[in-house]
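Hi everyone, thanks for making time this morning. I'd like to walk you through a model that I've been looking at, so please pull it up on your screens.

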Amino acid sequence: MKSNRTSDGTERAGESGRTAVISGQDDKRGALRAMKTAFPKTIPVMTGYIFLGITYGMLMATSGFPGWLPALTALIIYTGSMEFLMVSILLSSFNPLSAFATAVMVGARHLFYGISMLGKYRNMGWKKFYLIYTTSDETFSVNYSADIPDYVDRSWFYFWVSLLDQMYWVAGSAAGGFFGSLITINLDGLDFVMTAMFVVIFLQQWMQDGTKLRSLFRDHICELTGIAGSVLCLVIFGPDHFMIPSMIVILAVLLIFRKPMEKAGYTLEHDTSASDHSENAEISGEGLSNNGNGGDDI
Amino acid sequence: MSIIQMFITIAVVVLGTVLTRFLPYMVFTEGREIPMTVKYLGRVLAPAVFGLLVIYCLRNVNFTGDMFGLPDIISLIVVAALYIWKRGMLLPMAGGTVCYMILIRMLPLVMQ
């Protein structure tokens with residue numbers, strides 16, 4: 001990681017006219033402004049994470065583990081699906097090799113997130129390590145799809161989304177571990193909030209890639225590949241083993257159709273660190289601009 | 001499992017998870033130009049992955065069970081309709097989730 005660029009994220013602001021010379025106080029103000037922009041976008045994750053975290057904490061506690069264990073694993077593993085598996089792994093006999101293999105397989109989708117964020121997470125300075133460490137399904141989705149206004153520092157925005165999301169998850173897990181037995185309200189179904197969030201982000205992406213029915217297939221090869229490939233693998237491999245096959249199918253299809261897709265306008269510049277924002281701004285006329293006022297809706 | 005074995009297991013799982021998170025950044029470090037193929041994947045993978053995540057969330061829906069997956073189907077339509085109508089993030093998500101929570105409680109009563 002190169003950290004000799006001092007005002008890393010803020011340096012990016014220079015692209016939109018400001019100079020890169022930024023004093024400590026400006027940086028603090030920038031951080032605060034980024035938090036105000038970031039927080040509303042994490043509200044859905046807050047709902048889902050606190051609820052799922054409590055569920056996880058309760059499961060751990062009722063399985064006989066100490067109350068602090070869910071909080072600790074939430075903090076350092078920080079992958080919901082892996083942590084739920086962790087309960088059964090810790091209850092079975094000691095087998096670190098198989099635990100490691102499971103972790104790599106469950107975490108394999110992070111490889112896709114990493115490749116998608118390579119450009120966006122460039123030049124993030126000291127924050128970069130933390131941003132990568134806390135890449136979860138939800139944090140990735142929010143950070144990838146966020147339409148960050150020009151006056152907001154991107155590195156701080158990503159940082160706050162990552163930090164807040166992780167805090168929600170740890171807080172939920174701790175609450176479930178320590179006080180889970182006190183909760184008597186029936187919250188069944190609240191986890192649907194996570195499904196709803198991915199659906200909304202999926203639709204956002206869809207609208208951004210074009211809304212014309214005439215060019216439906218040409219505009220949406222990626223989205224359609226994701227849905228069709230996953231459904232296919234789900235049917236063949238079942239709910240517990242379809243993630244990795246799905247990833248392979250998606251990767252293969254997208255690589256096979258690279259030429260026609262590049263012709264169809266999937267330009268390479270889009271995701272390089274420098275130009276993606278300005279390009280987003282152009283496309284976003286309809287799809288993404290709404291993203292910005294998401295916080296006003298409730 | 002003893003407490004030491006427990007901590008080793010946790011450490012190993014952390015290692016595996018962290019590895020998957022850092023690997024792309026370790027291979028394509030900042031000093032290096034990212035190969036064109038990887039740039040292309042960086043552009044096209046995410047929209048496909050969002051599709052995968054939606055299916056992942058719905059993987060355990062039982063379309064042949066008592067409720068035929070109706071709570072999920074109806075709530076998904078509500079989410080999509082609210083999004084297309086009003087846009088934004090919170091309204092479609094809150095609407096869909098409330099709808100889902102009501103449906104899984106009411107449908108079994110109605111369908112009997």
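I'll go through the two chains in turn, then the confidence, and finish with a patch on the surface.

Before anything else, please keep in mind that this is a predicted model.

Let's begin with chain A. It has 298 residues, and 54% of them count as buried. If you go looking for strands, you'll find 0 of them in chain A, alongside 16 helices. How much of the contact network in chain A comes from residues 24 or more positions apart? Taking the contacts with a separation of 6 or more, such pairs account for 75%. As for the outside, the accessible surface of chain A is about 13300 Å², with 65% of that belonging to carbon and sulfur atoms.

Now, how far does the predictor trust chain A? The mean pLDDT is 82, and 81% of the residues in chain A reach 70 or more. Residues 1-21 of chain A have a pLDDT below 50, and in the model this stretch makes 25 contacts beyond its near neighbours in sequence. Residues 268-298 of chain A also have a pLDDT below 50, and there the model shows 68 contacts beyond near neighbours in sequence. Please keep both stretches in mind when you look at the picture.

On to chain B. Here we have 112 residues, 53% of them buried. Chain B contains 4 helices and 0 strands, so to speak an α-α-α-α run when you read from the N terminus. Among its contacts between residues at least 6 apart in sequence, 44% join residues at least 24 apart. Chain B exposes about 5200 Å², and 72% of that is supplied by carbon and sulfur atoms.

Finally, the patch. Which residues build the nonpolar surface patch of about 1000 Å²? From chain A there are A:Trp68, A:Phe94, A:Phe178, A:Phe179 and A:Leu182, and from chain B there are B:Met1, B:Ile3, B:Ile4, B:Phe7 and B:Ile8. Two elements give two or more residues each: α9 (154-179) of chain A and α1 (3-27) of chain B. The largest share, 4 residues, comes from α1(B).

One member deserves a separate look. B:Met1 sits in the segment before α1 of chain B. Is B:Met1 buried or partly exposed? Its relative accessibility is 36%, so B:Met1 counts as partly exposed.

That's my tour, and I'm happy to go back to any part of it.

Technical notes:
Residues are numbered from 1 along each chain as its sequence is written. Chains are lettered from A and ligands numbered from 1 in the order in which they are written. This is a predicted model: local features need pLDDT of at least 70, side-chain atom pairs count only at pLDDT 80 or more; totals for chains, interfaces and linings use all residues. Side-chain values use heavy atoms; hydrogens and water are left out. Buried means under 20% relative accessible area, exposed over 50%, partly exposed in between (1.4 Å probe, protein chains only). Contact means heavy atoms within 4.5 Å. Accessible areas come from the Shrake-Rupley method with a 1.4 Å probe; for residues, only the protein chains shown count as cover. pLDDT is the predictor's confidence in each residue, from 0 to 100. Patches are made of residues with over 30% relative accessible area and no salt bridge: like charges are joined within 9 Å, nonpolar side chains (Val, Leu, Ile, Met, Phe, Trp, Tyr) within 5 Å. A salt bridge is a side-chain nitrogen of Lys or Arg within 4 Å of a carboxyl oxygen of Asp or Glu.
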